[in-house]
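Ready for a few warm-up exercises on reading a protein model? Grab a pencil, and try each task before you peek at the solution.

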Amino acid sequence: MAIVEEINVAEDERDEDYVTEESDEDEGYDDEDDDDIYNETIFERIAALVDVVPPLSRYRIEKLVGATVRTVQTGFRWAGKGAWILATGGFLIALPVALEYERESFALQQENQQRLQQAQTQMVQGAAAAAAS
């Protein structure tokens, strides 16, 4: 029952905005009206809908749009929090692994260079021994 009373109160408050205009059919068509239509902004056109849409419908539309906005905001908030959790978790796990991988590859590279130097040294010593004999 309280919801019905809220709607009735809201409807009473919004009745003041609901205006109907009676047009005189005796007036002729005016080209200046076309210029006004083309110069209207989108906000002015939406604001003019107040005269067309009944108060109860405006109230329902307002509630629906408000609920939709809140739902979208909540969704973005949860998505942001989830992205933050995934990013920080990834950094905490992936960064140490990447650093250790780099250290291991550097150590393997140094071992390969030492083997090449030893092989070259042995070849030079073998060639020198062969030339001396």
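**Exercise 1.** Which residue's side chain meets that of Arg103 in a salt bridge?

*Solution.* Start with the rule: a salt bridge is a side-chain nitrogen of Lys or Arg within 4 Å of a carboxyl oxygen of Asp or Glu. Arg103 pairs up with Glu100, at 3.4 Å from N to O. Next, find the two along the chain: both sit in helix H4, 3 residues apart, which is about one turn of the helix. (Helices, H or I with at least four residues, and strands, E with at least two, are DSSP runs numbered from the N terminus.) Last, check the surface, where buried means under 20% relative accessible area, exposed over 50%, and partly exposed in between (1.4 Å probe, protein chains only). Arg103 is exposed, at 56%, and Glu100 is partly exposed, at 41%.

A quick note on the ground rules: this is a predicted model, where local features need pLDDT of at least 70 and side-chain atom pairs count only at pLDDT 80 or more, while totals for chains, interfaces and linings use all residues. Residues are numbered from 1 along each chain as its sequence is written, and side-chain values use heavy atoms, leaving out hydrogens and water.

**Exercise 2.** How many salt bridges does the rule give in total?

*Solution.* The count comes to 3. Besides the pair from Exercise 1, there's Arg115 with Glu111, at 3.9 Å from N to O. These two are 4 residues apart in helix H4, so about one helical turn separates them. Arg115 is exposed, with 54% relative accessibility, and Glu111 is partly exposed, with 38%. Then there's Glu40 with Arg45, at 3.4 Å from N to O. Glu40 is partly exposed at 35%, and Arg45 is also partly exposed, at 40%.

**Exercise 3.** Is Phe43 buried or exposed?

*Solution.* First, locate Phe43: it's in helix H3, residues 42–48. Now compare its number with the cut-offs: Phe43 has 63% relative accessibility, so it counts as exposed. Finally, look at its company: Ile42, Phe43, Ile46, Leu49 and Val52 make a nonpolar surface patch of about 570 Å².

**Exercise 4.** Where is confidence lowest, and where is it highest?

*Solution.* You'll need pLDDT, the predictor's confidence in each residue, from 0 to 100. Begin with the whole chain: the average is 81, and 71% of the residues score at least 70. Then go helix by helix: the low point is helix H1 (residues 2–14), with a mean of 52, and the high point is helix H4 (residues 55–132), with 93.

Terms used. Patch = residues over 30% accessible without salt bridge, like charges linked within 9 Å, V, L, I, M, F, W, Y side chains within 5 Å. Areas by Shrake-Rupley, 256 points an atom, 1.4 Å probe, with all protein chains shown as cover.
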